[in-house]
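Here are a few short exercises to work through with the structure open beside you. Try each task before you read its solution.

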Amino acid sequence: GTGAIALALASALKPIAQKHTVQLDIIGVDLTPEVVALAKSNGEKNQLNVAFVQSCWFENVTGTFDLILSNPPYIDAHDEHLTQGDVRFEPLSALVAAEEGYADLRHIIANAPKFMRTGGYLLVEHGWQQGEKVRSIFQENFWTSIETLRDYGNNERVTLGCWAQTENK
């Protein structure tokens, strides 16, 4: 909700892009106008060139991308952890998704190809017990080179896939 992922990516890639004279276009998306405003402010404060757009996923996004990263809501509304620890203070809209936590993941995985360049990658964060199901959603949508990465606790947390189709529209 602060633009942290897009801004961290911009910060890490900026010196590489400058060294190789590559144009780096990063777009951050959030549904909430206040969050978009905060993310823009954080980008300005850190002198990072990231465009932030208010959008429901891809609704207001144009263009094609080599890389799409997402940390969508992925928690089931009935998950007992929603009432424990720091997560209690987060807005439910940032955490909870329909279909037992899979609705937003499914939407992103199914719709990202419309915005991917051939050979581009989609990476999505998910719950530590959702890796198998998320991999199957990638497979159902014809992604290749599907892989799940583990966090420092050795839990499956990020699944990625490559869009190898040439006709993705």
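Let's settle one term before starting: a residue is buried when its relative accessible area is under 20%, exposed when that area is over 50%, and partly exposed in between. Keep in mind that this is a predicted model.

**Exercise 1. Buried or partly exposed: sort the two partners of the salt bridge between glutamate 125 and arginine 157.**

Solution. Start with the pair: the two side chains meet at 2.8 Å, N to O. Next, take arginine 157, whose relative accessibility is 19%. The cut-off for buried is under 20%, so arginine 157 counts as buried. Now do glutamate 125: at 22% it counts as partly exposed. Finally, place both on the chain. Glutamate 125 belongs to strand 4 and arginine 157 to strand 6 (residues 156–163), so this pair ties together parts that are 32 residues apart in sequence.

**Exercise 2. Find which parts of the chain are tied together by glutamate 156 and arginine 135.**

Solution. First check the bridge: the closest N and O atoms are 3.2 Å apart. Then look up the elements: glutamate 156 is in strand 6 and arginine 135 is in helix 4, so parts 21 residues apart in sequence get tied together. For exposure, glutamate 156 is buried at 18%, while arginine 135 is partly exposed at 23%. While you're here, spot the network of Glu99, Arg106 and Glu140, joined by salt bridges that share partners.

**Exercise 3. Work out how far apart in sequence the parts joined by aspartate 66 and arginine 117 are.**

Solution. Begin with the contact itself, a salt bridge of 3.0 Å, N to O. Aspartate 66 sits in strand 3 and arginine 117 in strand 4, so the parts they tie together are 51 residues apart in sequence. Arginine 117 is partly exposed, at 38%. In total, the structure holds six salt bridges.

**Exercise 4. Which residues touch the most other members of the largest nonpolar core?**

Solution. That core has 22 residues, and the ones to pick are Ile68, Leu122 and Trp143. Now see where the core comes from: strand 3 (65–70), helix 3 (103–111), strand 4 (116–125) and helix 4 (131–140) each give two or more residues to it. Then zoom in on tryptophan 143. Setting aside neighbours within four places in sequence, its contacts include Ile109, Met116, Leu122, Phe138 and Trp163. Last, look for a second, separate core: it has nine residues, among them Ala10, Val36, Ala39 and Leu48.

Methods
Residues numbered from 1 in each chain as written. Predicted model: local features only at pLDDT ≥ 70, side-chain atom pairs only at ≥ 80, totals over all residues. Heavy atoms only, no water. Core = buried A, V, L, I, M, F, W, Y, C linked by side-chain atoms within 4.5 Å. Buried < 20%, exposed > 50% of the residue type's maximum accessible area, 1.4 Å probe, protein only. Helix = DSSP H or I, 4+ residues; strand = E, 2+ residues; numbered from the N terminus. Contact = heavy atoms within 4.5 Å. Salt bridge = Lys/Arg side-chain N within 4 Å of Asp/Glu carboxyl O.
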